Structures are given as structure tokens and as C-alpha cells.
Amino acid sequence: QVKLVESGGGLVQPGGSQELSCTVTGSITRISLMGWYRQAPGKQREMVATLRVDGSTLYADSVKGRFTISKHNANRNTVYLQMNRSVPEDTAVYYCNALVMDFSTTWRNYWGQGTQVTVSS
């Protein structure tokens, strides 16, 4: 069974920084893509940033230049989202996402439980 475990989040002041982390655990054969999505109240879930196994990244226009997605140097099953110069519009529940091949060699899309990020003074 594959599970995504998120940490980080909470309250941050406008202009402040914080880091989210997500670790994929369980019956993993391969991971081809990991990323972060967010959902604000009354809005649809949207892509924030993705990181492919080849190292290529994709960012939402609203976070380019402020957020950085990266992987842990030693544990390649852990991904981070460094959030800098936060703005109130970044307030949302942030979800980790991963495309994983499990031991049955089936590719499946997995989601974390979500972590609340609130940007407010």
C-alpha cells in the first residue's frame, strides 16, 4: 500500500516563508512525478508545482519566482515545497501528489491528506 505523508504548513505572515514536505512510503517500485496542488475555499484544486523524475519542473504562474519544488538529496521519495514571499492568496489546503508504480507494476495517482497554509498578519 502506498501512502503520502505531508508535514509543514500553518500560519505565516505576508512576505514570510515556510516549507512543506511530503514522503511517499509503502510498496513503491518507481515514482515518475511528484507535485503540490492547493485548494482555497470555494475554488477548484489547482496545480502549484510538479517535479518529474528527469528533474524538470513546472510552476503555476502565480507562484513562479516565489516557490521552489525540490527533492531530498538522499531520500528521493521525499519532495519539498519552499514557499517564499507569501501572499494572502496563497492561503489554501496544500496536497501532495505522486504518480507511483507499486509492486503490482501498476501506475496509480496518489494524494496526501492535505495541510492547511494560512497567510495572514
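**Figure 1. Arginine 108 and its salt-bridge partner.** At 39% relative accessibility, arginine 108 falls into the partly exposed class. This close-up, like the others here, comes from a predicted model. The side chain of arginine 108 meets that of aspartate 102 in a salt bridge, with N and O 2.5 Å apart. Aspartate 102, for its part, is buried, because its relative accessible area is 8% and the cut-off for buried is under 20%. Arginine 108 also has a place in the sheet: in S10 this residue is the bridge partner of valine 100.

**Figure 2. The surroundings of aspartate 102.** Here we stay with the same aspartate 102, which belongs to strand S9. Which residues does aspartate 102 touch, leaving aside those up to four places away in sequence? They are Val2, Ser27, Thr29, Arg108 and Tyr110. Arg108 in this list is the salt-bridge partner already met in Figure 1.

**Figure 3. Strand S9 and the strands paired with it.** Strand S9 spans residues 92–102 and is mostly covered, with 9 of its 11 residues buried. How many bridges join strand S4 to S9? There are 10, and the two strands run antiparallel, S4 covering residues 28–39. Within S9, alanine 98 stands opposite methionine 34. S9 also pairs with strand S11 (residues 115–119), again in the antiparallel sense, over 3 bridges. In that pairing, valine 93 faces glutamine 116 of S11.

**Figure 4. The hairpin of S9 and S10.** Strand S10 (residues 107–111) runs antiparallel to S9, and 5 bridges join the two. The hairpin has 4 residues between its strands. Take a look at threonine 105 in this hairpin: its phi is positive, near 65 degrees.

**Figure 5. A salt bridge between arginine 38 and aspartate 90.** The closest N and O atoms of this pair are 3.0 Å apart. The bridge links distant parts of the chain, for arginine 38 sits in strand S4 while aspartate 90 lies in the loop between strand S8 (78–83) and S9, 52 residues apart. Are the two partners buried or exposed? Both arginine 38 and aspartate 90 are buried. The pair also belongs to a network of salt bridges that links Arg38, Glu46, Arg66 and Asp90. In total, the model has 5 salt bridges.

**Figure 6. Lysine 64 with aspartate 61.** Another salt bridge brings together the side chains of lysine 64 and aspartate 61, at 3.2 Å from N to O. Aspartate 61 counts as exposed because its relative accessible area is 66%, and exposed means over 50%.

**Figure 7. The aromatic pair of tyrosine 37 and tryptophan 111.** The model holds 1 aromatic pair. Why is this pair called edge-to-face? The ring centres of tyrosine 37 and tryptophan 111 lie 5.1 Å apart and the planes stand at 70 degrees, so the pair is edge-to-face. Distant parts of the chain come together here, with tyrosine 37 in strand S4 and tryptophan 111 in strand S10, 74 residues apart. Tyrosine 37 is partly exposed at a relative accessible area of 21%, and tryptophan 111 is partly exposed at 36%.

**Figure 8. Arginine 45 over two rings.** Our last view turns to arginine 45, which lies over the face of tyrosine 95, at 3.7 Å from the ring centre. Arginine 45 also lies over the face of tryptophan 111, here at 4.6 Å from the ring centre. Readers will recognise tryptophan 111 as the partner of tyrosine 37 in the edge-to-face pair.

Technical notes. Residues are numbered from 1 along each chain as its sequence is written. This is a predicted model: local features need pLDDT of at least 70, side-chain atom pairs count only at pLDDT 80 or more; totals for chains, interfaces and linings use all residues. Side-chain values use heavy atoms; hydrogens and water are left out. Buried means under 20% relative accessible area, exposed over 50%, partly exposed in between (1.4 Å probe, protein chains only). Two strands pair if DSSP finds at least two bridges between them. A salt bridge is a side-chain nitrogen of Lys or Arg within 4 Å of a carboxyl oxygen of Asp or Glu. Contact means heavy atoms within 4.5 Å. Rings of Phe, Tyr and Trp (its six-membered ring) pair if their centres lie within 6.5 Å; planes under 30 degrees apart count as stacked, over 60 as edge-to-face and the rest as tilted. A charge sits over a ring if NZ of Lys or CZ of Arg is within 6 Å of the ring centre and within 35 degrees of the ring normal.
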